[in-house]
Amino acid sequence: MKSGFIAIVGRPNAGKSTLLNRIIGEKVAIVSSKPQTTRTKILGVKSGEDYQLVLIDTPGIHKPHNKLGRRMEKYIYTATQDIDALLYVVDCNIKPEETELEAEALSGLKASGVPVILAVNKIDTMPRLNLLPVLDRLKDLYDFSDIVPISAKEDENLDELFLKLKEFLPEGPKFFPDDTITDQPERQIVSEFIREKALRLLNREIPHGIAVEIEKMQKKKDGMYEILAAIYCEKQSHKGIIIGKGGAKLKHIGSLARADIERFLGAKVYLELWVRVKEDWRNRENFISDIGFE
Ligand SMILES: Nc1nc2c(ncn2[C@@H]2O[C@H](COP(=O)(O)OP(=O)(O)OP(=O)(O)O)[C@@H](O)[C@H]2O)c(=O)[nH]1
Ligand SMILES: [Mg+2]
């Protein structure tokens, strides 16, 4: 029996959460085209007859500008302790002048002392010929144990990557029951689904200042769920944008989220969303803790 922990790290938007979902085969982490989508560490567990791979998705490595950012940094740090390997994900479209940022991010990970596997992601967006110079540039950034070009979105080379990851698992018993796929409580997943839709439908600086809190989640006698959630934003002017003309934007967020939540819970859902303003909440320690960041 082989089992162990591998953390998925990299800069924002590299495709870490997409990759986690793909390998696990379930959507446990939300994904968006906006950077800094993931805010905590998220465990995804894949079990087989003779192995258990525990992947830890992490927030993208960036310089924090507020207290939330510093919490996110802490999650990256704790996720990279006591693990068996690191899977570093980079977008193959990285510009030569951004190489230095990757080098910086990687140097911060050196202290963990574990093997680092490089996954060069999004190869579906690039002709093969253009990929070679990119791989050439990246290979000197770190003493990588392996380099695997992949497309998390189009499922290219993921089987090969998975087999390589398995090689880094030590002998040992499983940590979780076979049917465990994540460590996140149901409420957390539901609130993240709502945040994902808000991220998708909102632009500019609003997405970064959004938080979702489930205020009530109750299963009724008829099997239907009643869910009441608050979408927090940082400014009164943002509240109006989130609600939209005649409530249209909020309704759209709600209906997209409800479809996902119903699929996930396997039940009908009555979802009610509220928008609340909490000025500068990303710098309020207590609020950050209250909405579920340990
Ligand atoms: N074309 C293409 N797009 C991808 C691929 N993998 C991820 N994406 C897209 O890249 C964007 C970011 O994906 P995420 O999985 O949220 O990236 P992340 O690294 O988790 O981002 P943070 O949580 O912000 O650090 C999304 O729009 C994805 O659909 C890929 O292999 N090919
Ligand atoms: Mg992510």
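Helices and strands are taken here as DSSP runs, numbered from the N terminus. In these terms, Asp82 of this predicted model lies in the loop between helix H2 (67-79) and strand E4 (85-91). Asp82 is not a glycine, yet has a positive phi of about 50 degrees. With 11 C-beta neighbours inside 10 Å, and a limit of 12 or fewer for the exposed class, Asp82 counts as exposed.

Strand E4, on the far side of that loop, makes a good place to begin a tour of the fold. Each of its residues is buried, 7 of 7, so E4 is largely enclosed by the rest of the structure. The burial extends to both faces: Ala85, Leu87, Val89 and Asp91 are buried on one side, and Leu86, Tyr88 and Val90 on the other. E4 pairs in the parallel sense with two strands. With E1 the pairing runs over 5 bridges, and Gly10 stands opposite Val89 of E4. With E5 there are 6 bridges, again in the parallel sense, and here Leu86 has Val116 as its bridge partner.

Two residues of E4, Leu87 and Tyr88, reappear in the largest nonpolar core. This core has 73 residues, and those that touch the most other members are Ile6, Leu87, Tyr88, Ala119 and Ile231. E4 is also the element that gives the most to the core, with 6 residues. Both domain 1 (2-167) and domain 2 (186-290) give residues to the core, so it lies between them. Ile231 offers a closer view of one of these well-connected members. Leaving out residues up to four places away in sequence, Ile231 touches Ile194, Ala198, Ile210, Val212, Ile242, Leu273, Trp274 and Val275.

The two domains themselves come from the domain assignment of the protein chain, which gives residues 2-167 to domain 1 and residues 186-290 to domain 2. Their C-alpha centres lie 27 Å apart. Across the boundary, 9 residues of domain 1 are in contact with 12 residues of domain 2. The side of domain 1 that touches domain 2 is made up of 2 nonpolar, 4 polar and 3 charged residues.

Moving back towards the N terminus, Asn13 is found in the loop between strand E1 (2-10) and helix H1 (16-24). Like Asp82, Asn13 has a positive phi without being a glycine, in this case of about 75 degrees. Its surroundings hold 19 other C-beta atoms within 10 Å; a residue needs 20 or more to be buried, so Asn13 is partly exposed.

Helix H1 follows this loop and is mostly covered, with 7 of its 9 residues buried. The buried positions are Lys16, Ser17, Thr18, Leu19, Leu20, Arg22 and Ile23. Among the elements that cover them are E1, strand E2 (42-47), strand E3 (51-57), E4, E5 and helix H5 (158-167). Just after H1, Gly25 takes a positive phi of about 85 degrees.

H1 also has a part in the surroundings of ligand 1, giving the most to the shell around it, with 3 residues. The shell has 25 residues, of which Gly15, Ser17, Thr38, Gly60 and Lys153 come nearest to the ligand. By class, the shell divides into 6 nonpolar, 14 polar and 5 charged residues. Ser17 thus belongs both to the nearest residues around the ligand and to the buried residues of H1.

A further loop, between strand E5 (116-121) and helix H4 (128-139), holds Met126. Met126 has 16 C-beta neighbours inside 10 Å and counts as partly exposed. Apart from its neighbours within four places in sequence, Met126 is in contact with Cys92, Asn93 and Leu131. Cys92 is 34 residues away from Met126 along the chain, while their C-alpha atoms are separated by 7.9 Å.

The last element to visit is a hairpin. Strand E7 (residues 211-219) and strand E8 (residues 225-233) pair in the antiparallel sense over 8 bridges. Within this pairing, Ile214 has Ala229 of E8 as its bridge partner. The hairpin has 5 residues between its strands, and Gly223 takes a positive phi near 90 degrees.

Definitions and conventions:
Residues numbered from 1 in each chain as written. Chains lettered and ligands numbered in written order. Predicted model: local features only at pLDDT ≥ 70, side-chain atom pairs only at ≥ 80, totals over all residues. Pairing = 2+ DSSP bridges. Helix = DSSP H or I, 4+ residues; strand = E, 2+ residues; numbered from the N terminus. Contact = placed C-beta atoms within 7 Å. Near = placed C-beta within 6 Å. Nonpolar A, V, L, I, M, F, W, Y, C, P; charged D, E, K, R; others polar. Core = buried A, V, L, I, M, F, W, Y, C linked by C-beta atoms within 7 Å. Domains from an automatic or database assignment.
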